[in-house]
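Work through the exercises below with the sequence and the coordinates at hand. Each task is followed by a solution in steps.

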Amino acid sequence: SNLKNLMIFCHGLSGGSEQVYSKDIALEFGKNGYSVVIIHARGINDTPLGNPKVFHAGFTIDVEYSIEYILKTKGKFDNIFLIGTSMGANISYRAISYNKELSNKITGYVNISNPFDMIAASKTVEKTVFDWVLIKNTVDYFNRHKDILSSFSEKKCFCQ
């Protein structure tokens, strides 16, 4: 059979295409004949933040746009699989659960370690090493992008 398969991967808060788990997932799918795309979140790690819209748990626009762009530019696929880990799981799940048109294009979906309830997840890690790492990463994220964020009008919300 000559199926054309695509796997789209959404990484977690401190992830990215350079992380070992991202590479491992991409390599395994690639070895099995899949075209692989990793949606690299804006402003995470070495990805620049080109405008003052920041990556957060409710921000599904990038996932939706990326999938639509891939499908428009790369042709038709017989099977499209979506995998999300951690924050990427939360965002990708929200994207396909609220967008039926997008959901209908996805053949299969894997959701790994999703903090479904962000408030409960925050309370669970409160005052732990993981909490400290999350706070440090968030502060680093905003410091790394302070020029673009500070240039944005206070009248507009930068997280929509």
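**Exercise 1. Surface and overall make-up**

How much area does the chain expose, and what share of it do carbon and sulfur atoms supply?

Solution. The model is a predicted one, in which local features need pLDDT of at least 70 and side-chain atom pairs count only at pLDDT 80 or more, while totals for chains, interfaces and linings use all residues. Residues are numbered from 1 along each chain as its sequence is written, and side-chain values use heavy atoms, leaving out hydrogens and water.

Step 1. The exposed area of the chain is about 9800 Å², and carbon and sulfur atoms account for 56% of it. Accessible areas come from the Shrake-Rupley method with a 1.4 Å probe; for residues, only the protein chains shown count as cover.

Step 2. Of the 160 residues in the chain, 36% are buried. Buried means under 20% relative accessible area, exposed over 50%, and partly exposed in between (1.4 Å probe, protein chains only).

Step 3. The chain has seven helices and four strands. These are DSSP runs numbered from the N terminus: helices are H or I with at least four residues, strands E with at least two. Their order along the sequence is β-α-β-α-β-α-α-β-α-α-α.

**Exercise 2. The sheet**

Determine the strand order, the pairing and the handedness of the crossover.

Solution. Step 1. The open sheet consists of four strands, ordered S2-S1-S3-S4, with parallel pairing. Two strands pair if DSSP finds at least two bridges between them.

Step 2. S2 and strand S4 (108-112) are the edge strands, each pairing on one side only. From one strand to the next, the twist averages 15°.

Step 3. Strand S1 (residues 5-10) runs parallel to strand S2 (residues 34-39), and six bridges join them. From S1 the chain passes through helix H1 (residues 20-31) to S2 in a right-handed β-α-β crossover. Right-handed means that, with the strands pointing away from the viewer, the path from the first strand over the helix to the second runs clockwise.

Step 4. S1 also pairs with strand S3 (residues 79-85), in the parallel sense and over six bridges. Here Asn-5 has Asn-79 in S3 as its bridge partner.

Step 5. Helix H2 (residues 61-74) packs on the sheet and touches S1, S2 and S3, with its direction at about 160° to that of S1. Axes are lines fitted to C-alpha atoms, for helices over the stretch in contact, and angles run from 0 to 180 degrees between N-to-C directions.

**Exercise 3. One residue of S1**

Is Ile-8 buried or exposed, and which residues does Ile-8 touch?

Solution. Step 1. Ile-8 lies in strand S1. Its relative accessible area is 0%, so Ile-8 is buried.

Step 2. Leaving aside residues up to four places away in sequence, Ile-8 touches Val-37, Ile-39, Ile-67, Ile-70, Ile-80, Phe-81, Leu-82 and Ile-83. Contact means heavy atoms within 4.5 Å.

Step 3. Ser-66 is 58 residues from Ile-8 in sequence, yet their C-alpha atoms are 9.5 Å apart.

**Exercise 4. The loop after S3**

What is the phi of Ser-86?

Solution. Step 1. Ser-86 sits in the loop between S3 and H3.

Step 2. Its phi is positive, about 55°, although Ser-86 is not a glycine. Most residues other than glycine have a negative phi.

Step 3. Ser-86 counts as partly exposed because its relative accessibility is 30%.
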